[in-house]
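Me: I'd like to go through this one and ask how each label is earned. Here it is.

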Amino acid sequence: MKLHTSNTAGLNLFTAYGDDYVAVNQLKHEKNLIVLPENLIPEWSTENIETLTESDMQKLLGLGVEVILLGTGKRLRFPAGALMRPFAPAGIGLEIMDLQAACRTYNILASEGRKVAAALLFD
């Protein structure tokens, strides 16, 4: 197995998280946001998992990534099935997890050079 040092310089990575915040490259965020390796989209939605809309999900579909990690707050909760349906036909993986798991998974995938986005909803 070949091991390579990964070059993560310039990537947006989670450097800390808690129940009500995340830090991306040491900058703290406390409202819903989307994190991409080269971009941040603050306040992508004002909704929570129960009130997430089709419009919110359409924004995710248009990101041009292969995997979206939907962090649903302090605990794992699923959006309505109708909101998740368009992702598979579009060839986009949609993974639902709690906010902290989404942060950890995002860092791994972004460090591997994957086209990933973390869409985070705070409680």
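**Salt bridges and burial**

Reply: Start with Arg77 and Asp123, which form a salt bridge whose closest N and O atoms are 2.5 Å apart. The two sit in distant parts of the chain, Arg77 in the loop between S6 and H2 and Asp123 in the segment after S8, 46 residues apart. Bear in mind that this is a predicted model.

Me: What makes Arg77 and Glu50 a salt bridge?

Reply: The cut-off is 4 Å between a side-chain nitrogen of Lys or Arg and a carboxyl oxygen of Asp or Glu. For Arg77 and Glu50 the closest N and O atoms are 3.2 Å apart, so the pair counts as a salt bridge. Arg77 lies in the loop between S6 and H2 and Glu50 in the loop between strand S5 (39-42) and helix H1 (54-61), so the pair ties together parts that are 27 residues apart in sequence.

Me: Why is Arg77 called buried?

Reply: Because its relative accessible area is 13%, and buried means under 20%.

Me: And why are Glu50 and Asp123 called exposed?

Reply: Exposed means over 50%. Glu50 comes in at 55% and Asp123 at 54%, so both count as exposed. Salt bridges that share partners join Glu50, Arg77 and Asp123 into one network.

Me: How do you know that Lys28 and Glu30 form a salt bridge?

Reply: Their closest N and O atoms are 3.8 Å apart, and the limit is 4 Å, so the pair qualifies. A search of the whole structure finds 4 salt bridges.

Me: What about Met84: why is it called partly exposed?

Reply: Its relative accessible area is 26%, and partly exposed runs between 20% and 50%, so the label fits. Met84 lies in helix H2 (residues 81-84). Leaving aside neighbours within four places in sequence, Met84 is in contact with Phe78, Pro79, Leu94 and Ile96.

Me: How do you know that S2 and S3 pair?

Reply: Pairing takes at least two bridges. S2 and S3 are joined by 3 bridges and run antiparallel, so they pair. In that pairing, Val24 stands opposite Leu27 in S3.

Me: What makes the sheet open?

Reply: The order is S1-S2-S3, with antiparallel pairing. S1 and strand S3 (27-29) stand at the edges with a single partner strand each, so one side of each is left without a neighbour in the sheet. The twist averages 25° from one strand to the next.

Definitions and conventions. Residues are numbered from 1 along each chain as its sequence is written. This is a predicted model: local features need pLDDT of at least 70, side-chain atom pairs count only at pLDDT 80 or more; totals for chains, interfaces and linings use all residues. Side-chain values use heavy atoms; hydrogens and water are left out. Helices (H or I, at least four residues) and strands (E, at least two) are DSSP runs, numbered from the N terminus. Buried means under 20% relative accessible area, exposed over 50%, partly exposed in between (1.4 Å probe, protein chains only). Contact means heavy atoms within 4.5 Å. Axes are lines fitted to C-alpha atoms, for helices over the stretch in contact, and angles run from 0 to 180 degrees between N-to-C directions.
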